[in-house]
Amino acid sequence: MLDLDLLPGEYAVCRLPAGTALPDSLSRGLDDKSVVSVTWAPDETSIICPAGLVPPDASAESPWRCLRVVGPLDFALVGVLASLVGPLADARVSVVTFSTYDTDYVLVPTVRLPDAKDALARAGHRIAE
């Protein structure tokens, strides 16, 4: 059983060309409950951010809602993401995941949030809003 926080607001999953610098706009306007994840890869720069902070030249998929596993999590833990994405897959809810040093995050489409919450609750997880 995991405790999850539903972060406020909607999120976007964005793509910029490879080598794109981190837009200054991502560091402004964040509150203490928002999260931004940036991944630089050889073929793209991917950004997960609050929907209102999508860089102007980015391709973006939204709206998503973001669930954060209450952490910090021990690196020795096994199956944390599997315990979340398994029930969501069974409920046919698509996901985007990312991790930080302390914890894991799962994004679900906003329109599927009620289904996601039900599936996670049936799996024994608790969600705080």
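## Close-ups of a predicted model

**Figure 1. What S37 touches.** Skip the residues up to four places away in sequence, and S37 touches S46, I47, I48 and F98. This is a predicted model, so read the view as a picture of computed coordinates. S37 has its place in strand β3. Is S37 buried or exposed? With a relative accessible area of 14%, S37 counts as buried, because the cut-off for that label is under 20%.

**Figure 2. The β3–β4 hairpin.** Here strand β3 (residues 37-41) sits alongside strand β4 (residues 44-50), and the two pair in the antiparallel sense. How many bridges does that pairing run over? The count is 5 bridges. The link from β3 to β4 is a hairpin, made through 2 residues. A41 stands opposite E44 in β4, and T39 has S46 in β4 as its bridge partner.

**Figure 3. β4 and its pairing with β2.** Strand β2 (residues 11-16) also pairs with β4, in the antiparallel sense and over 6 bridges. Which residue of β4 is the bridge partner of R15? It's S46, and S46 is the bridge partner of T39 as well. So S46 is worth labelling in this panel: R15 pairs with it from one strand, T39 from another, and S37 touches it too. As for cover, β4 is mostly covered, with 5 of its 7 residues buried.

**Figure 4. Helix α1 against helix α2.** Now for the helices: α1 (residues 80-90) and α2 (residues 113-122) pack with their axes 9 Å apart, at an angle of about 120°. That angle makes α1 oblique to α2, because it lies outside the 65 to 115 degrees range for roughly perpendicular and is not over 145, where roughly antiparallel would begin. The crossing of α1 past α2 is right-handed. Which residues meet at this contact? From α1 come L84, P87 and L88, and from α2 come A116, A119 and L120. Sorted by type, the contact residues give 6 nonpolar, no polar and no charged.

**Figure 5. T97 and the residues around it.** T97 has its place in strand β6 (residues 96-99). Leaving aside neighbours within four places in sequence, the contacts of T97 are L81, V85, Y105 and V106. A residue to add to the panel is C66: its C-alpha atom is separated from that of T97 by 9.2 Å, with the two residues 31 apart along the chain. How does T97 rate for exposure? The relative accessible area is 34%, so T97 is partly exposed.

**Figure 6. A cis peptide bond at P63.** Zoom in on the backbone between S62 and P63, where the peptide bond is cis. What is omega there? It is near 0°. P63 itself lies in strand β5 (residues 59-69).

**Figure 7. R92 and its positive phi.** R92 is not a glycine, although its phi is positive, at about 60°. Where does R92 sit? Its place is in the loop between α1 and β6. R92 is exposed, because its relative accessible area of 70% is over the 50% cut-off. Set this panel beside Figure 1, where S37 comes out buried at 14%.

Key: Residues are numbered from 1 along each chain as its sequence is written. This is a predicted model: local features need pLDDT of at least 70, side-chain atom pairs count only at pLDDT 80 or more; totals for chains, interfaces and linings use all residues. Side-chain values use heavy atoms; hydrogens and water are left out. Axes are lines fitted to C-alpha atoms, for helices over the stretch in contact, and angles run from 0 to 180 degrees between N-to-C directions. Helices (H or I, at least four residues) and strands (E, at least two) are DSSP runs, numbered from the N terminus. Angles under 35 degrees count as roughly parallel, over 145 as roughly antiparallel, 65 to 115 as roughly perpendicular and the rest as oblique. A crossing is left-handed if the near helix is turned anticlockwise from the far one by less than a right angle, and right-handed if clockwise. Contact means heavy atoms within 4.5 Å. Ala, Val, Leu, Ile, Met, Phe, Trp, Tyr, Cys and Pro count as nonpolar, Asp, Glu, Lys and Arg as charged, and the others, Gly among them, as polar. Two strands pair if DSSP finds at least two bridges between them. Buried means under 20% relative accessible area, exposed over 50%, partly exposed in between (1.4 Å probe, protein chains only).
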